[in-house]
Amino acid sequence: MTATVTDARRAVLHRRVRFIVAFTITYNVIEAVVAIWAGTLASSAALIGFGLDSIVEVLSALAVAWQFTRKVPERWEKATVRAIGIAFFALAAYVITDSVLSLTGAQDVDHSPLGIGIATLSLLVMPLLAWFEFRTGRELGSKSVMADAKQLVLCIYLSGTVLIGLLLNSLFGWAWADSVAALVVAVLAIREGIEAWRGDVESPFEVLSEMVEDDDDNDEQHENRTSDRRS
């Protein structure tokens, strides 16, 4: 995070945040409707949980949008991040309850081409959006924007998990795979909720960038040593 952002650059970043939030809300409202509808038709706890996560992402984006309507958004960082953490916990509570009921009731889960399609689409869209938002939040020095980006990172994990569960059920008839996938989603949500509540918003994208920077530093040091030997 940099402390040398100019006022002009900060204004640009604020506009970018508002654009990201608007796109996130629009996309996730559509995703939530499709996923919950498909999940209800197929009796899929994982798909319904996926749709509910989309609603949580909308709430998270709305919290950030509200924060950036304030005159001094930085003053509302802690409250916004904690609101995002609470949303994670609420999602986890519902998904765990629904998954356990599905497992104990041995409920059949139908094949859902629509669910497979929406999960696949999210795997294509969310990585780019999450990277863009986290990069913006890091430059701006905003924990709430980075925490909201982690919502999108969770959606990537969730999309992959739900897709695997739906494919296993479709290909092999393993109805239990759907509930197991949903429980994995719940565990991820709890972890992200705890980190958001604590204000820990390190992202896999940040870890990756640090690794790249370390490699660049090592390469530079190696070149300097080689140059010293030659001289």
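**Close-up views of a predicted model**

**View 1. A salt bridge between two helices.** Let's start at Arg 9, which is partly exposed, with a relative accessible area of 29%. This is a predicted model, and in it Arg 9 pairs up with Glu 139 in a salt bridge. The closest N and O atoms of the two are 2.7 Å apart. Arg 9 belongs to helix H1 (residues 7–42) and Glu 139 to helix H4, so the pair ties together parts that are 130 residues apart in sequence. Glu 139 is partly exposed too, at 24% relative accessible area. As background, side chains of opposite charge can pair when their charged atoms come close. If you go hunting for salt bridges elsewhere, here's the tally: the structure holds one.

**View 2. Ala 149, tucked away in helix H5.** Now move along to Ala 149, which sits in helix H5. Its relative accessibility is just 1%, so Ala 149 counts as buried, the cut-off being under 20%. Who keeps it company? Setting aside neighbours within four places in sequence, Ala 149 touches Ala 130, Glu 133 and Phe 134. Look for Trp 131 as well: its C-alpha lies 7.5 Å from that of Ala 149, while the two residues are 18 apart in sequence.

**View 3. A nonpolar patch on the surface.** Here eight residues come together: Leu 103, Leu 167, Leu 171, Phe 172, Trp 174, Trp 176, Val 180 and Val 184 form a nonpolar patch on the surface. Together they offer about 760 Å² of accessible area. Which helices each supply at least two residues of the patch? They are helix H5 (143–172) and helix H6 (176–198). One patch member to pick out is Trp 176, found in helix H6. With a relative accessible area of 48%, Trp 176 is partly exposed.

**View 4. Where the model is sure of itself, and where it isn't.** Averaged over the protein chain, pLDDT comes to 76, and 82% of the residues score at least 70. Among the elements of the chain, helix H4 (residues 113–140) has the highest mean pLDDT, at 89. Helix H7 (residues 204–230) has the lowest, with a mean of 49. Zoom in on residues 202–216 and you'll find pLDDT under 50 throughout. For this stretch the model has 15 contacts beyond four places in sequence. A word of caution for this view: where pLDDT is low, the predicted coordinates should not be read in detail.

Definitions and conventions. Residues numbered from 1 in each chain as written. Predicted model: local features only at pLDDT ≥ 70, side-chain atom pairs only at ≥ 80, totals over all residues. Heavy atoms only, no water. Patch = residues over 30% accessible without salt bridge, like charges linked within 9 Å, V, L, I, M, F, W, Y side chains within 5 Å. Areas by Shrake-Rupley, 256 points an atom, 1.4 Å probe, with all protein chains shown as cover. Salt bridge = Lys/Arg side-chain N within 4 Å of Asp/Glu carboxyl O. Helix = DSSP H or I, 4+ residues; strand = E, 2+ residues; numbered from the N terminus. Buried < 20%, exposed > 50% of the residue type's maximum accessible area, 1.4 Å probe, protein only. pLDDT = per-residue confidence, 0-100. Contact = heavy atoms within 4.5 Å.
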